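Here is a short tour for anyone meeting this structure for the first time. Take a look at it, and then we'll walk through a few spots together.

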Amino acid sequence: MPKSIGILTSGGDCPGLNAAIRGVGKAAHSKFNMRVIGFRDGFRGLMENRTMTLDPAALSGILTVGGTILGTSRDKPQKMQIGGKEIDATDAIIATYEKHHLDALVCLGGGGTQKNALHLKQQGLNIITLPKTIDNDIFNTDVCFGFDTALGIATEAIDRLHSTAHSHHRIVVVEIMGHRAGWMALGAGVAGGADVILIPEIPYRVEKIAEAIRERSRGGSPFSIVAVAEGAVSKSDADALQVIEQRKAKASSKTDKKQAKAALAKWEQGHSGNTWRLAKQLEEMTGLESRVTILGYVQRGGTPSAADRLLATRLGTACADLINDGVFGVMVASRGQGTAPVPLGQVAGRRKTVPLDHGWIKAARLVGTTLGD
Ligand code: F6P
């Protein structure tokens, strides 16, 4: 009896998802004679039993295509929104798994997906995951697919912003994706030669940034590129956030938890528009006109780079191999040019932020880039 496997993509899309689906599917079909079923729109499609045939014909011609042919969503098995209510859909998901007599379910996703996958593994399902996100912040893998493509897009944007900032003697503040980790802003900032790079791992002081920009002007360069991660925070905002997070961690009663959650939501609301606020502050403090460019979803769209296709194919095919060997409850991580199965418990709920002694940070400082601290 051939094995049956399901595949779904969950969380934000990214370039390389189709290459990964193809990698898993082609190896599963051609090498291991498995039956492959796709589930649409992440865990919601799994709950609703919405499927897509992933036969060799469906897997053909998708290597270079951006997004995911399966569709995606940010729905969580335990907190599914149905009819305006939050429902635990775990049982319905297990029912779909059993209905198709699945031997394994492959979940392609980011940090949230790894947590959801661990939950399903704990319910007794054979789960295996792949690490995808342009944020590159999944724990215990060298790298995530989607990151290289997005990094290239953000770097090209910085290149283009340079010439217009230079011509108009302006500050251009460019916002790059990454709420909790600064891999993209840092990588693109270094590769694109940004004058200032701000990442969540290094809270900034706006006075330091303004001083660096004024110094550049005095030196004959009255323009600057400020690459700011979505989640970059000023020192005072970071201190306030730390207090809230400590409160949240200590909260034991339902009321305490609710209050801490509300405080966090309020903080996040106050933080939105941070990039615009920063640009205005810098304009006032330096006397240089400033402009904002928010790269947004352009970073997640389009054709995957060669590096992402290679990575997704490497991880996807290794995944089929592991399923064939009966290895479950793991994420297929990238290790150098190879792969390694990592138990989901060592991935879920953790985040890979940029270490403060990382080579990119050292290099940025050595070429004179201001990191705002
Ligand atoms: O996939 C990660 C990410 O790209 C973050 O960098 C970004 O903040 C987030 O997704 C936004 O995605 P969405 O609006 O689809 O939830």
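Let's begin with Asn136, which sits in the loop between β7 (127-131) and α6. Is Asn136 buried or exposed? With a relative accessibility of 3%, Asn136 counts as buried. Its side chain also has a partner: a polar atom there lies 3.0 Å from the backbone nitrogen of Cys144. Keep in mind as you read on that this is a predicted model.

**Around the ligand**

Now for the ligand. Which residues surround it? The ring of neighbours is made up of Arg74, Ile134, Asp135, Met177, Gly178, His179, Glu230, Tyr297 and Arg300. Sorted by character, this shell has four charged residues, three nonpolar ones and two polar ones. The shell also draws on two domains, taking at least three residues from domain 1 (4-145 + 304-346) and at least three from domain 2 (152-300).

Some of these neighbours have a side-chain N or O atom paired with an oxygen atom of the ligand. Here are three such pairs:

| Side chain | Partner | Distance |
|---|---|---|
| Asp135, N or O atom | ligand oxygen atom | 2.7 Å |
| Glu230, polar atom | ligand oxygen atom | 2.8 Å |
| Tyr297, N or O atom | ligand oxygen atom | 2.4 Å |

How much of the ligand does the protein bury? On its own, the ligand would expose 400 Å², and the protein buries 76% of that.

**The aromatic rings**

Time to move on to the rings. A pair of aromatic rings is described by how far apart the centres are and by the angle between the planes. There are two aromatic pairs in this structure.

One of them joins Phe147 and Trp360, whose rings are stacked, with 6.4 Å from centre to centre and 20° between the planes. Phe147 belongs to helix α6 (residues 147-168) and Trp360 to helix α13 (residues 359-366), so this pair ties together parts that are 213 residues apart in sequence. The two partners aren't covered alike: Phe147 is buried, at a relative accessible area of 6%, while Trp360 is partly exposed, at 30%.

The other pair brings Trp360 together with Trp183. Here the arrangement is edge-to-face, with the centres 5.9 Å apart and an angle of 80° between the planes. Trp183 is part of helix α7 (residues 183-192) and Trp360 is part of helix α13, so the pair links stretches that are 177 residues apart in sequence. Trp183 counts as buried too, with 5% relative accessibility. Put the rings together and you get one aromatic cluster, made of Phe147, Trp183 and Trp360.

**Two more stops**

Let's finish with a couple of residues from elsewhere. Gly112 is in helix α5 (residues 111-122), and it counts as partly exposed with a relative accessibility of 43%. How many Å separate the C-alpha atoms of Gly112 and Gln269? The answer is 21 Å, for two residues that are 157 residues apart along the chain.

Then there's Ile87, whose place is in strand β5 (residues 85-87). Ile87 is partly exposed as well, with a relative accessible area of 33%. Going from Ile87 to Gly296 takes you 209 residues along the sequence and 31 Å through space, C-alpha to C-alpha.

How values were computed:
Residues numbered from 1 in each chain as written. Predicted model: local features only at pLDDT ≥ 70, side-chain atom pairs only at ≥ 80, totals over all residues. Heavy atoms only, no water. Near = heavy atom within 4 Å. Polar contact = N/O pair within 3.5 Å; in protein donor to acceptor, adjacent residues only side chain to side chain. Areas by Shrake-Rupley, 256 points an atom, 1.4 Å probe, with all protein chains shown as cover. Nonpolar A, V, L, I, M, F, W, Y, C, P; charged D, E, K, R; others polar. Domains from an automatic or database assignment. Phe/Tyr/Trp six-rings, centres within 6.5 Å; stacked < 30°, edge-to-face > 60°. Helix = DSSP H or I, 4+ residues; strand = E, 2+ residues; numbered from the N terminus. Buried < 20%, exposed > 50% of the residue type's maximum accessible area, 1.4 Å probe, protein only.
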